[in-house]
Amino acid sequence: MSSKDEKNLTQVIDKISSMEEPRQSVVRRVHDIIVAAAPALKPRIWYGMPAYAMSASTPALVTLRNDERLNLALTEKADLRPAGGVDGTLMPAAWYFETVDAHTEKRIAEIVRSVVD
C-alpha cells in the first residue's frame, strides 16, 4: 500500500471513529464489508465522507454518508446499469440503512463488487 493510500485509509478510519455510537459501529462494519468485498477499491475521504475509489487519484465510486439515515451510494462515476425487471431502466444508486444484518451485509458486498466487476 502506498503512503498516500495509507494516509487516506487513516483519514477514513478517523472519520468513522468521530461518529457517535451506534452509527460508528455500523459504519465501521460496512467499511470492513466494502474492503473485503472489493480489495481493489481504495478508501479515501470524498466531499467529507468515507468513500472508495480505484486509486488515490481517481473519483470515488462508492460513498458512505452519515446524515439523517446512513446511506451507501454509488457515484455517477460508477458504471450504473439499468435494474431490469419491474424497475426497468431505473438505475439503483443509493441505499439507506440503519443496521446491518446478514442479508444486508451480503447485499452490500454484491453492490460493491458490481462496481469493480
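Here is a guided walk through the structure shown above, from its overall build to its largest pocket.

Keep in mind from the start that this is a predicted model. Let us begin with the whole chain. It contains three helices and five strands. If you follow the chain from the N terminus, the elements come in the order α-α-β-β-β-β-β-α. Try tracing that order in the picture before you read on.

How does the overall size compare with that of a compact globule? For 117 residues, a compact globule would have a radius of gyration near 13 Å, and the chain has 14 Å, so the two agree. Along the principal axes, the C-alpha atoms fill a box of roughly 45 × 30 × 25 Å. Of the 117 residues, 37% count as buried. Contacts also link distant parts of the sequence: among contacts between residues at least 6 apart, 43% join residues at least 24 apart.

Now start walking from the N terminus. Between α1 (3-17) and α2 (23-37) there is a loop, and Pro22 sits in it. Look at the peptide bond that leads from Glu21 to Pro22: this bond is cis, with omega near 5°.

After the helices come the strands. β1 and β2 pair in the antiparallel sense over five bridges. To find this pairing on your screen, look for Pro43, which stands opposite Tyr52 in β2. The two strands form a hairpin with two residues between them. Tyr47 belongs to the loop between β1 (42-46) and β2 (49-53). What is notable about the phi of Tyr47? The angle is near 50°, a positive value in a residue other than glycine. Tyr47 is also exposed, because its relative accessible area of 73% is over the 50% cut-off. For a sense of distance, take Ser18, which is 29 residues away from Tyr47 along the chain: the C-alpha atoms of the two are separated by 16 Å.

The next strand is β3, and Thr63 is a good place to stop in it. Is Thr63 buried or exposed? Thr63 counts as buried, because its relative accessibility is 6% and the cut-off for buried is under 20%. Leaving aside residues up to four places away in sequence, Thr63 touches Trp46, Met49, Pro50, Ala51, Asn71, Leu72, Ala73 and Thr75.

From β3, a hairpin of three residues carries the chain into β4. Strand β3 (residues 60-66) and β4 pair in the antiparallel sense over five bridges, and Arg65 stands opposite Asn71 in β4. Strand β4 has a second pairing as well: β4 and strand β5 (residues 94-97) are antiparallel over four bridges. Here Leu72 has Trp95 in β5 as its bridge partner.

Why is strand β4 described as largely enclosed by the rest of the structure? Five of the five residues of β4 (residues 70-74) are buried, so the strand is largely enclosed. A simple rule helps in looking at the side chains. In a regular strand, they alternate between the two faces of the sheet. In β4, Leu70, Leu72 and Leu74 point one way, while Asn71 and Ala73 point the other way, and all are buried.

The last element in the chain order is a helix, α3, which spans residues 102-116. Arg113 lies in this helix. With a relative accessibility of 38%, Arg113 counts as partly exposed, because that value falls between the 20% and 50% cut-offs. Gln11 is 102 residues away from Arg113 along the chain, and their C-alpha atoms are separated by 23 Å.

We finish with empty space. Rolling a probe the size of a water molecule over the atoms shows where such space is left. The largest pocket holds about 170 Å³ of space. Which residues line the largest pocket? They are Leu74, Asp79, Leu80, Arg81, Pro82, Pro92, Trp95, Arg107, Ile111 and Ser114. By class, this lining has six nonpolar, one polar and three charged residues. Helix α3 gives the most to the lining, with three residues. You have already met two of the lining residues, Leu74 and Trp95: Leu74 is one of the buried residues of β4, and Trp95 is the bridge partner of Leu72 in β5.

Note on methods: Residues are numbered from 1 along each chain as its sequence is written. This is a predicted model: local features need pLDDT of at least 70, side-chain atom pairs count only at pLDDT 80 or more; totals for chains, interfaces and linings use all residues. Side-chain values use heavy atoms; hydrogens and water are left out. On a 1 Å grid over the protein atoms alone, a cavity is a set of points where a 1.4 Å probe fits but cannot get out, and a pocket is an open set with protein on both sides within 12 Å along at least five of seven lines; lining residues have an atom within 4 Å of a point. Grid points are joined across faces, edges and corners, and a volume is the space filled by probe spheres set on the points. Ala, Val, Leu, Ile, Met, Phe, Trp, Tyr, Cys and Pro count as nonpolar, Asp, Glu, Lys and Arg as charged, and the others, Gly among them, as polar. Buried means under 20% relative accessible area, exposed over 50%, partly exposed in between (1.4 Å probe, protein chains only). Two strands pair if DSSP finds at least two bridges between them. The radius of gyration is taken over C-alpha atoms; the globule rule is 2.2 Å times the number of residues to the power 0.38. Contact means heavy atoms within 4.5 Å.
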